[in-house]
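Hi everyone, thanks for coming. Please have a look at the model on the screen, and I'll walk you through a few parts of it.

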Amino acid sequence: MIELLSPNPPGWGRTLLVGLLHSIEIALGATCLGLLIGTGGAYGKLYGGPVVRDLLGVYTTIVRAVPELVLILLLYYAGTDLINQALTAMGYQRVDISGLAAGIAVLGFVQGAYSTEVIRGAILAIPQGQIEAARAYGMSPGLLLRRITLPAMLPFAIPGLANLWLIATKDTALLAVVGFYELALATRQAAGVTKAYFTFFFAAAVLYLLLSLISNFLIGRVEAWSRRGMPSLREAR
């Protein structure tokens with residue numbers, strides 16, 4: 001087992017670590033993109049016009065209703081094909097979209113729907129008196145967002161966003177079906193060559209678990225920072 005998992009040949013440890021690195025890159029990019037979409041979507045649902053709210057409602061409903069694997073296959077293949085067809089129609093050459101960019105875009109689109117609802121709920125949890133007071137002082141919408149809304153909603157949003165980050169780290173495994181080289185595909189490749197299926201899939205599970213534990217520790221620190229000056233949960237009881 002030690003020889004198979006060694007980072008040096010003939011071991012496959014380096015292959016698994018490269019796959020893990022690609023999974024983290026995809027998850028980080030998708031989470032950041034999802035946060036951007038989610039912030040805009042939450043504001044659109046709360047303060048947008050009827051058409052904007054209806055369109056965002058359709059977007060969040062479809063993404064949450066359709067299985068993620070189906071969405072990934074649809075967006076990965078159909079989305080890239082539509083982009084190339086549009087480029088061809090405008091007189092441009094077809095482009096080869098990298099697997100990393102496509103993976104981030106697909107998972108970010110999925111993450112955006114869930115982030116929209118998490119951030120919307122966090123904004124609704126803010127005491128409205130704070131927002132009304134800021135408006136009474138004449139704060140612009142941008143200043144209100146930076147100084148009041150984002151800092152005040154962060155403690156309410158972090159638990160939900162933390163779950164979305166952990167889901168994103170696991171959803172990267174779904175990209176193996178479209179041939180993107182991440183931890184799940186690297187594990188399957190190593191296990192297929194060596195026939196040591198239990199060894200490599202168990203090692204992959206351990207790597208996913210370590211990523212989750214480290215993420216939980218860092219998220220806990222961020223949550224504690226966001227709640228500075230607020231009473232602890234024990235004091236609130």
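Let's start with a pair of helices. Helix α5 covers residues 128-136 and helix α6 covers residues 141-171; their axes come within 11 Å and cross at roughly 175°. If you wonder what those two values are for, two packed helices are described by the angle between their axes and the distance between the axes. Angles over 145 degrees count as roughly antiparallel, and α5 and α6 are therefore roughly antiparallel to each other.

Which residues of α5 and α6 meet? On the α5 side they are Gln130, Ile131, Ala134 and Arg135, and on the α6 side Leu144, Ile148 and Ala152. Sorted by type, this contact has 5 nonpolar residues, 1 polar and 1 charged.

I should say right away that this is a predicted model, so please keep that in mind as we go on.

Now let's step back to the whole chain. The protein chain has 9 helices and 0 strands. Its C-alpha trace spans about 70 × 55 × 30 Å along the principal axes.

What does the UniProt record add? An unreviewed UniProt entry places the feature "domain: ABC transmembrane type-1" at residues 20-219. In the model, that stretch is 84% helix and 0% strand, with its end C-alpha atoms 20 Å apart. The unreviewed entry also carries the annotation "transmembrane region" for residues 20-43, 55-78, 148-166 and 197-219.

We can look at two of those regions in turn. Residues 55-78 are 92% helix and 0% strand, and the end C-alpha atoms of this span lie 21 Å apart. For residues 197-219, the span is 100% helix and 0% strand, and the end C-alpha atoms lie 33 Å apart.

Next, the pockets. How much space lies in the largest pocket? The value is about 510 Å³. There are 20 residues lining the largest pocket, and those nearest its centre are Thr31, Leu35, Ile158, Leu161 and Val222.

Which helices supply at least two residues each to this pocket lining? They are α1 (13-47), α4 (99-125), α6 and α8 (197-226). So we meet α6 again here, and α6 gives the most to the lining of the largest pocket, with 8 residues. By type, the pocket lining has 16 nonpolar residues, 4 polar and no charged.

Finally, there is the enclosed space. The structure holds 1 cavity of 30 Å³ or more, and about 40 Å³ of space lies in the largest cavity. If you'd like to find the largest cavity on the screen, look for its lining residues: Glu68, Leu107, Val110, Gln111, Tyr114, Ala168 and Asp171.

Two helices, α4 and α6, each supply at least two residues of that cavity lining. Which helix gives the most to the lining of the largest cavity? That is α4, with 4 residues. The cavity lining divides into 4 nonpolar, 1 polar and 2 charged residues, whereas the lining of the largest pocket has no charged residues.

To wrap up, try following α6 through the model yourselves: α6 runs roughly antiparallel to α5, gives the most to the lining of the largest pocket, and supplies at least two residues of the lining of the largest cavity. Thanks for listening!

Notes. Residues numbered from 1 in each chain as written. Predicted model: local features only at pLDDT ≥ 70, side-chain atom pairs only at ≥ 80, totals over all residues. Heavy atoms only, no water. Axes fitted to C-alpha atoms, helices over the stretch in contact; angles between N-to-C directions. Parallel < 35°, antiparallel > 145°, perpendicular 65-115°, else oblique. Contact = heavy atoms within 4.5 Å. Nonpolar A, V, L, I, M, F, W, Y, C, P; charged D, E, K, R; others polar. 1 Å grid on protein atoms, 1.4 Å probe; cavity = no way out; pocket = protein on both sides within 12 Å on 5 of 7 lines; lining within 4 Å. Points joined across faces, edges and corners; volume = space filled by probe spheres on them. UniProt positions renumbered as here; feature names shortened; annotations may be inferred.
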